[in-house]
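Got your viewer open and a chain ready to colour? Follow along, one selection at a time.

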Amino acid sequence: MEIVVCVKQVPDTTEIKIDPVTNALIRQGVPSIVNPFDKNALEAALQLREKHGGKVTVVSMGPPQAKEALKECLALGADTAILISDRAFGGSDTLATSYALAAVMRKLGNYDMIICGKQAIDGDTAQVGPEMAEHLGIAQLTYVSKVEVEGTTVRVEREHEDGYDIIEAELPVLLSVVKSINEPRFPTVRGTMKANRAEIPVWTAADLEVDSNKLGFKGSPTQVRKTFTPPLRQNGVVIQKDTAREAVAELIQKLSEAKIV
């Protein structure tokens, strides 16, 4: 099987900073990690390769520093990695991002399955995977918690609040997986050494032969108008009385004075 895994390098969630001018995340100089859901996607791909044979390619769109995320994926067992990086991609929303990633799949040409994490922890939209499937005109199976392949048929369990659905589709197909699908493995020493020596190709917008008007801010119909930090809550009032009845009476009085009740 030829499997492509889409991964994203995201800021450490405790270090997120917003550019006050562009309202975009500041990534330069900010500690970054591989999106946790994407590690589950990679593990799912590796398990399928171990069972059915084939090749696992990881793809990421981002600045040059995203090579570090791809090298981590290579250390975990991916066969090859590709970074798409270009100033033309800057400011892309989910539609523009999915358009660029779909162009990568077309350039690769031969793939049976695309696997994405359920969502990225910085944007939390869960849109890029399904939008890629729409661009490519292939089936999409989302929130996957279990996957099996038999011939050209994929059967998955799709997780939801009340249980799960069992759905089948024909290859090629795009999956987005949830955390419960597996436990990602750790890199080996040999894998890490191999990844450190790897040369990761970088594809630009010109390499993908895409319409520049569909990339970056120009190709993004959704834009952030304003960001702000919610004000901290004021300290509450502590009520201390000898009995519960007196405390309740005091509480009701204060709520009435505040016109809450």
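The stops below go from the sheet to its salt bridges, then to a small hidden space and one last residue. Keep in mind that this is a predicted model.

**Stop 1: the sheet**

Switch to cartoon view and show the strands. Nine strands form an open sheet with mixed pairing. Walking across, you pass β9, β8, β7, β10, β6, β1, β4, β5 and β11, in that order. Which strands stand at the edges? They are β9 (163–170) and β11 (202–203). Each of these has a single partner strand, so one side of each is left without a neighbour in the sheet.

In case pairing is new to you: strands of a sheet pair through backbone hydrogen bonds, either parallel or antiparallel. You can find both kinds here.

**Stop 2: an antiparallel pair**

Select residues 139–150 for β7 and 153–160 for β8. These strands pair in the antiparallel sense, over six bridges. Now pick out E148 and look across to β8: its bridge partner there is R155.

**Stop 3: β4 and its two neighbours**

Next, select residues 55–61, which is strand β4. Is β4 mostly covered or mostly open? Mostly covered, since six of its seven residues are buried, that is, under 20% relative accessible area.

On one hand β4 pairs with β1: the two run parallel and five bridges join them. Show V5 and you'll see that it stands opposite V58 in β4. β4 also pairs with β5, again in the parallel sense and over five bridges. For a landmark on that pairing, select M61, whose bridge partner in β5 is I84.

Now add α2 to your selection. Together, β4, α2 and β5 make a right-handed β-α-β unit. Trace the path from β4 over α2 to β5 and check the handedness by eye.

**Stop 4: salt bridges**

Time to show side chains. Side chains of opposite charge can pair when their charged atoms come close. How many salt bridges does this model have? The count comes to nine. Here are some to look up.

- *K8 and D122.* The closest N and O atoms of this salt bridge are 3.1 Å apart. K8 sits in the loop between β1 (2–6) and β2 (9–11), while D122 is in the loop between β6 (113–117) and α4 (128–136). That makes them 114 residues apart, so the pair links distant parts of the chain. Turn on the surface too: K8 is partly exposed at 29% relative accessible area, whereas D122 is buried at 18%.
- *K39 and E72.* Here the N to O distance is 2.8 Å. The bridge links helix α1 (residues 36–52), which holds K39, with helix α2 (residues 67–76), which holds E72. The two residues are 33 apart along the chain. Both are partly exposed, K39 at 29% and E72 at 30%.
- *D79 and R49.* Their side chains meet at 3.0 Å, N to O. D79 lies in the loop between α2 and β5 (80–84), and R49 is in helix α1, 30 residues away in the chain. D79 is partly exposed at 35%, but R49 counts as buried at 19%.

Then select E43, E50 and R185 together: these three are linked in a network of salt bridges.

**Stop 5: a hidden space**

Rolling a probe the size of a water molecule over the atoms shows where empty space is left. A search of the whole structure finds one cavity of 30 Å³ or more, and its volume is about 30 Å³.

Which residues line the cavity? Select K39, L42, E43, L46, L76, P184 and R185. Helix α1 gives the most to this lining, with four residues. Try colouring by type: four of the lining residues are nonpolar, three are charged and none is polar. You've met some of these names before: K39 bridges to E72, and E43 and R185 belong to the salt-bridge network.

**Stop 6: out to I260**

Finish by selecting I260, in the segment after α7 (244–257). Is I260 buried or exposed? It counts as exposed, at 60% relative accessibility, because the cut-off for exposed is over 50%. Now add C116 and draw a line between the two C-alpha atoms. They are 47 Å apart in space, and 144 residues apart in sequence.

Terms used: Residues are numbered from 1 along each chain as its sequence is written. This is a predicted model: local features need pLDDT of at least 70, side-chain atom pairs count only at pLDDT 80 or more; totals for chains, interfaces and linings use all residues. Side-chain values use heavy atoms; hydrogens and water are left out. A salt bridge is a side-chain nitrogen of Lys or Arg within 4 Å of a carboxyl oxygen of Asp or Glu. Buried means under 20% relative accessible area, exposed over 50%, partly exposed in between (1.4 Å probe, protein chains only). Two strands pair if DSSP finds at least two bridges between them. A crossover is right-handed if, with the strands pointing away from the viewer, the path from the first strand over the helix to the second runs clockwise. On a 1 Å grid over the protein atoms alone, a cavity is a set of points where a 1.4 Å probe fits but cannot get out, and a pocket is an open set with protein on both sides within 12 Å along at least five of seven lines; lining residues have an atom within 4 Å of a point. Grid points are joined across faces, edges and corners, and a volume is the space filled by probe spheres set on the points. Ala, Val, Leu, Ile, Met, Phe, Trp, Tyr, Cys and Pro count as nonpolar, Asp, Glu, Lys and Arg as charged, and the others, Gly among them, as polar.
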